[in-house]
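Have your viewer ready and a selection box open. This tour moves from one selection to the next and says what you will find at each stop.

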Amino acid sequence: LCLQVPELEKATVRIRQPERVREIIRSLREQGAAKLQVISDFDMTLSRFGCNGRRCPTSHNILDTSHVVSEDGKKKLKDLLHYYYPIEIDPNRSLEEKCPLMVEWWTKAHELLVQQKIHKSDIAQIVRESEAMLRDGFKEFFDQLHKSNIPLFIFSAGIGDILEEIIRQANVFHSNVNVVSNYMDFNDDGVLTHFKGPLIHTYNKNNTVLQGTGYFQQLSTRTSIILLGDSMGDLTMADGVPSVENILKIGFLNDKVEERRQKYLDSYDIVLESDETLDVVNGILRYILTE
């Protein structure tokens, strides 16, 4: 398979069951573009985790650290991060234990943001001034899917308004892109008053928050899936798809690589360790989509 997808030879690639992965990729190619859809997380999956030794911001970070948030607000948001993030990535805590704490974190953070009286008209500038970066190869990724009419479903626990603006400013917000995320609600004066429900956090990315969207129902013939994520919570993103024939799960392991490696290898088909590119994904797509 490395002959057809040379990117799989990269030093960042780890695969626990190469035979199985080979089979899935072959099936995806046989089924072709008409059967394929891509389901992806956004923060630290389509966007970069780091650059030149510095962490890149998530869509929440971009807002939290922007000029529209007061110094006091920034401090409180940072305190929340320092308290809850270690819980989010703790491999020794159960999902049952994490879920209510994630709801608590997101709710408190969103309440703090609402207090800042953020204006809708500020969002484009906030994103422009931020250090947000999509992964290397993003243009090929978005353009290739658009050209082949393959739906890209972005399922994010981040802030929808911010991530849409990032994609828009990168000139890749094509018609095949659909986003489900936490969106802000503004009043008639364009001031943030609350976040629309349902709340999406790291560990509830599944049917429960998709009920009523009917997105996957419209795509019932798209039974081949490439799923891209960077956390254990992303593994359930395809749960709303009616009938899955082939699914290839690609996981970006960005942080605490040594201690989390085994868990990722057991859960994802392909694990990309500290890889800031979409090279492997693009290589697989190229192989699947080439006549």
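## Stop one: a buried asparagine

Select N204 to begin: with a relative accessible area of 13%, N204 is buried (buried means under 20% relative accessible area, exposed over 50%, partly exposed in between, with a 1.4 Å probe and protein chains only). You are looking at a predicted model, in which local features need pLDDT of at least 70 and side-chain atom pairs count only at pLDDT 80 or more, while totals for chains, interfaces and linings use all residues. Residues are numbered from 1 along each chain as its sequence is written, and side-chain values use heavy atoms, with hydrogens and water left out.

N204 sits in the loop between strand 8 (192-195) and helix 8 (207-210). Helices (H or I, at least four residues) and strands (E, at least two) are DSSP runs, numbered from the N terminus. Show the side chain of N204, and you can follow it to the backbone oxygen of L199 at 2.9 Å. Leaving aside residues up to four places away in sequence, N204 touches L199 and V209, where contact means heavy atoms within 4.5 Å.

Stay in this loop and pick P198, which is also found between strand 8 and helix 8. The peptide bond joining G197 and P198 is cis, with omega about -10 degrees.

## Stop two: two positive phi values

Most residues other than glycine have a negative phi, and most peptide bonds are trans. With that in mind, select K256, in the loop between strand 10 (246-253) and helix 10 (257-267). Its phi is near 50 degrees, a positive value in a residue other than glycine. K256 counts as partly exposed, at 39% relative accessibility.

Then move to S274, in the loop between strand 11 (270-273) and helix 11 (279-289). S274 is not a glycine either, yet has a positive phi of about 45 degrees.

## Stop three: K10 and its distant partners

Now go to K10, in the segment before strand 1 (13-14). K10 is partly exposed, with a relative accessible area of 26%. Which residues does K10 touch, not counting residues up to four places away in sequence? Colour D275, T277, D279 and V280 to see them. One to zoom in on is T277: the side chains of K10 and T277 make a polar contact at 3.1 Å. A polar contact is a pair of N or O atoms within 3.5 Å; within protein, one must be able to donate a hydrogen and the other to accept it, and residues adjacent in sequence count only if both atoms are side-chain atoms. For a distance label, try K10 and D279: they are 269 residues apart in sequence, and 9.2 Å apart in space from C-alpha to C-alpha.

## Stop four: a serine in strand 2

Select S40 in strand 2 (residues 36-40). Is S40 buried or exposed? S40 is buried, with a relative accessible area of 0%. Its contacts, not counting residues up to four places away in sequence, include T45, L46, L152, F153 and L228. The C-alpha atoms of S40 and V179 are separated by 9.6 Å, although their positions lie 139 residues apart along the chain.

## Stop five: helices side by side

Two packed helices are described by the angle between their axes and the distance between the axes. Axes are lines fitted to C-alpha atoms, for helices over the stretch in contact, and angles run from 0 to 180 degrees between N-to-C directions.

Show helix 3 (residues 71-88) with helix 4 (residues 95-115): their axes come within 10 Å and cross at roughly 165 degrees. The two are therefore roughly antiparallel (angles under 35 degrees count as roughly parallel, over 145 as roughly antiparallel, 65 to 115 as roughly perpendicular and the rest as oblique). Among the residues in contact are L77, L80 and Y84 of helix 3 and L101, W105 and L112 of helix 4.

Next, show helix 1 (residues 18-31) with helix 11, which pack at about 45 degrees with axes 8 Å apart. That makes helix 1 oblique to helix 11. Here I25, R26, L28 and R29 of helix 1 meet I284, Y287 and I288 of helix 11.

Keep helix 11 on screen and add helix 6 (residues 138-147): this pair packs at about 25 degrees, with axes 10 Å apart. Helix 6 and helix 11 are therefore roughly parallel. To finish, select E140, F141, Q144 and L145 in helix 6, which meet V281, N282, L285, R286 and L289 in helix 11.
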